[in-house]
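Work through these exercises with the structure open beside you. Try each task before you read its solution.

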Amino acid sequence: MKQLLIPSGKHVYCISDMHLGFPDAQTSRARERVLVDWLSGISEDVSDLFLLGDVFDFWFEYNQVVPKGFVRFIGALAQLADRGVRVHIFVGNHDLWMRDYFEEELGAIIYIEPTEFEFQFEDKKIRVCMGHGDGMGPGDYGYKLLKKVFVNPMAQFFFGWLHPDFGVRLAHAWSGTRKTSTIKAGEVPFDPATDFILAAVRERHAIDQRENRLISAYVFGHRHHPIALELDASATYYNLGDWFTPNYKNAYVLKIEANGLDFVHFQPKS
């Protein structure tokens with residue numbers, strides 16, 4: 001369990017699935033400006049910022065090259081980091097290929113697997129388990145097999161030998177074939193009986209209870225649907241939705257503070 005001391009008056013913010021670059025440059029740029037504005041708005045009271053995966057619709061770090069674009073967003077993260085904000089980034093299924101770029105440039109902490117945190121406020125401790133959510137639970141075997149290929153060091157090595165112009169173009173072409181299903185993912189009604197992430201969360205919560213870990217929230221992304229579901233009187237499962245559904249319908253922010261957790265629907269400034 002990773003312990004983080006939160007200074008007095010400061011808070012923790014969590015968002016997920018911004019998919020910068022999707023579905024096209026113009027739409028993504030508008031969303032990027034909204035995100036930058038939001039980051040500016042929390043700059044005075046944030047101690048830790050958690051980005052729970054799929055920050056980018058595609059990201060691959062060559063030895064000397066990263067995908068162009070997103071400079072306003074990355075610059076806003078850099079400004080926060082320079083002010084002492086700890087930036088935590090979970091690798092999602094669209095940005096599996098993060099290596100050390102954000103660690104070196106921002107001092108960010110990169111996570112590959114779900115991780116448990118203990119946030120220590122002045123007179124209270126809040127324990128939370130966070131992750132992206134892809135590949136969790138039963139089923140989805142096609143993706144799980146594909147992920148093994150994507151994270152295979154040899155596969156990454158050979159992809160890295162492709163010229164960046166070709167490699168990035170190929171990745172965007174593959175993503176483009178999934179635009180319709182991606183956009184519609186957040187419109188599919190949440191069904192607790194069949195949700196893979198929830199099944200994994202319930203199993204993990206049962207183990208945590210037996211081992212007296214006292215986790216009060218399980219926070220994930222990937223689902224593209226905002227969810228706040230009580231598991232029992234002691235814990236809640238949150239899913240943070242996404243930022244690309246029209247009118248930010250599914251964009252939610254989880255704010256963790258000394259008084260507890262606040263799950264808030266994001267509304268851009270008019």
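Angles under 35 degrees count as roughly parallel, and those over 145 degrees as roughly antiparallel. Keep that cut-off ready for the first exercise. The model used here is predicted.

**Exercise 1. Two helices**

Task: Find how H1 and H2 are oriented to each other, roughly parallel or roughly antiparallel.

Solution:
- Start with the angle. H1 and H2 pack at about 15 degrees.
- Compare it with the cut-off. Angles under 35 degrees count as roughly parallel, so H1 and H2 are roughly parallel to each other.
- Add the distance. The axes of H1 and H2 lie 8 Å apart.
- Add the handedness. The crossing of H1 past H2 is left-handed.
- Now list the contact. H1 brings Arg 29, Glu 32, Arg 33, Leu 35, Val 36 and Leu 39. H2 brings Val 71, Arg 72, Phe 73, Ala 76, Leu 77 and Leu 80.

**Exercise 2. The nonpolar cores**

Task: State how many residues the largest nonpolar core has, and which element gives the largest share.

Solution:
- Take the count. The largest nonpolar core holds 41 residues.
- Pick out the residues with the most contacts inside this core. They are Trp 38, Leu 49, Phe 56, Phe 73, Phe 102 and Trp 243.
- Locate the suppliers. Elements that each give at least two residues to this core include helix H1 (25-42), strand E3 (46-51) and helix H2 (71-82).
- Find the largest share. H2 supplies it, with 6 residues.
- Look at the second core. A separate one has 20 residues, among them Leu 52, Ala 217, Tyr 238 and Ile 256.
- Recall the general rule. In soluble globular proteins, nonpolar side chains tend to be buried together.

**Exercise 3. One histidine**

Task: Decide whether His 11 is buried or exposed.

Solution:
- Place the residue. His 11 sits in strand E2.
- Read its relative accessible area. The value for His 11 is 14%.
- Apply the cut-off. Buried means under 20%, so His 11 is buried.
- Check its surroundings. Leaving out residues up to four places away in sequence, His 11 touches Ile 6, Asp 45, Val 46, Ser 47, Asp 48, Lys 255, Ile 256 and Glu 257.

**Exercise 4. The whole protein**

Task: Give the number of helices and strands, and the percentage of buried residues.

Solution:
- Count the elements. The protein has 8 helices and 12 strands.
- Take the buried part. Of the 270 residues, 49% are buried.
- Turn to the surface. About 13500 Å² is exposed, and carbon and sulfur atoms supply 54% of it.

Key. Residues are numbered from 1 along each chain as its sequence is written. This is a predicted model: local features need pLDDT of at least 70, side-chain atom pairs count only at pLDDT 80 or more; totals for chains, interfaces and linings use all residues. Side-chain values use heavy atoms; hydrogens and water are left out. A nonpolar core is a set of buried Ala, Val, Leu, Ile, Met, Phe, Trp, Tyr and Cys residues joined through side-chain atoms within 4.5 Å. Buried means under 20% relative accessible area, exposed over 50%, partly exposed in between (1.4 Å probe, protein chains only). Helices (H or I, at least four residues) and strands (E, at least two) are DSSP runs, numbered from the N terminus. Accessible areas come from the Shrake-Rupley method with a 1.4 Å probe; for residues, only the protein chains shown count as cover. Axes are lines fitted to C-alpha atoms, for helices over the stretch in contact, and angles run from 0 to 180 degrees between N-to-C directions. Angles under 35 degrees count as roughly parallel, over 145 as roughly antiparallel, 65 to 115 as roughly perpendicular and the rest as oblique. A crossing is left-handed if the near helix is turned anticlockwise from the far one by less than a right angle, and right-handed if clockwise. Contact means heavy atoms within 4.5 Å.
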